[in-house]
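Reader: I would like a close look at a single part of this model, worked through with care. Please start from one contact between side chains and then follow the surroundings outward.

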Amino acid sequence: MSITFSQDTIDFSLNDESRLKNWITRIILDAGKRVGKISYFFCDDKYLLGVNQKFLDHDTYTDIITFDYVECGRIAGDILISVERVADNAAKFGVPLSRSCTGSLFTVFYTFWAKVTKQNRRLPKCELRRNRLLLFGIQ
């Protein structure tokens, strides 16, 4: 099990990475899944646009790109996040950047969960935890 956070092309760091790793781990384990290697990579718009063009053949800006390596109930993947897009979303919805960023850390699990369950539905317990966090800062 390994959850890592890194950045390039920007000066960005998360507050309390250890707490976030524990939170992500709890979400996965609460879903009855196992934690694999999960890498979060924070970057700027230009870098993420290049990834979008090179690997997905899309010529648009986006906030998150995921490469999932989910296998046999083990949640794993690379998550690339544009801090600029997340900051714009935070301003748009009137929430602090830290809360918007935390929401982005969680959102990718919907994609991973759908692949594990082979369904396109959300896990209610995870949804509840995410909503409490985003609305009230409660974990």
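What kind of contact do the side chains of Asp45 and Arg85 form, and at what N to O distance?

Author: The model is a predicted one, and the values that follow are computed from it. In this model the side chains of Asp45 and Arg85 meet in a salt bridge, with an N to O distance of 2.6 Å. Asp45 belongs to helix 2 and Arg85 to helix 3, which spans residues 83–93, so the pair ties together parts that are 40 residues apart in sequence. The two partners fall into separate classes of exposure: Asp45 counts as buried because its relative accessible area is 9%, under the 20% limit, whereas Arg85, at 25% relative accessibility, is partly exposed.

Arg85 also forms a salt bridge with Asp88, where the closest N and O atoms are 2.9 Å apart. Both Arg85 and Asp88 lie in helix 3, and they are 3 residues apart, about one turn of the helix. Asp88 is partly exposed, with a relative accessible area of 39%. Through shared partners, these salt bridges join Asp45, Arg85 and Asp88 into one network.

The structure holds 3 salt bridges, and one of them joins the side chains of Asp16 and Arg19, at 3.6 Å from N to O. Asp16 sits in the loop between strand 1 (2–7) and helix 1 (17–30). This aspartate has a phi near 55°, a positive value in a residue other than glycine. Both partners are partly exposed, since Asp16 has a relative accessible area of 41% and Arg19 has a relative accessibility of 42%, values that lie between the 20% and 50% cut-offs.

Returning to helix 2, which covers residues 45–56, one finds Asn52 within it. Asn52 is buried, with a relative accessible area of 3%. Leaving aside residues up to four places away in sequence, Asn52 touches Asp57, His58, Thr60, Thr62 and Ile65. Among these contacts, Asp57 lies in the loop between helix 2 and strand 3 (64–68). Asp57 has a positive phi of about 60°, although it is not a glycine, and it is exposed, with a relative accessible area of 71%.

The aromatic side chains give a further set of links between elements. The structure holds 4 aromatic pairs. One of them is formed by Phe5 and Tyr40, whose rings are stacked, at 5.3 Å centre to centre and with 20° between the planes. Phe5 is part of strand 1 and Tyr40 is part of strand 2 (residues 34–43), so this pair ties together parts that are 35 residues apart in sequence. Phe5 and Tyr40 are both buried. Another pair is that of Phe12 and Phe42, which is tilted because the ring centres are 4.8 Å apart and the planes stand at 45°. Phe12 lies in the loop between strand 1 and helix 1, while Phe42 lies in strand 2, so that pair ties together parts 30 residues apart in sequence. Phe12 and Phe42 are likewise both buried.

To come back to the starting point, the salt bridge between Asp45 and Arg85 is part of a network that also takes in Asp88.

Conventions:
Residues numbered from 1 in each chain as written. Predicted model: local features only at pLDDT ≥ 70, side-chain atom pairs only at ≥ 80, totals over all residues. Heavy atoms only, no water. Helix = DSSP H or I, 4+ residues; strand = E, 2+ residues; numbered from the N terminus. Buried < 20%, exposed > 50% of the residue type's maximum accessible area, 1.4 Å probe, protein only. Contact = heavy atoms within 4.5 Å. Salt bridge = Lys/Arg side-chain N within 4 Å of Asp/Glu carboxyl O. Phe/Tyr/Trp six-rings, centres within 6.5 Å; stacked < 30°, edge-to-face > 60°.
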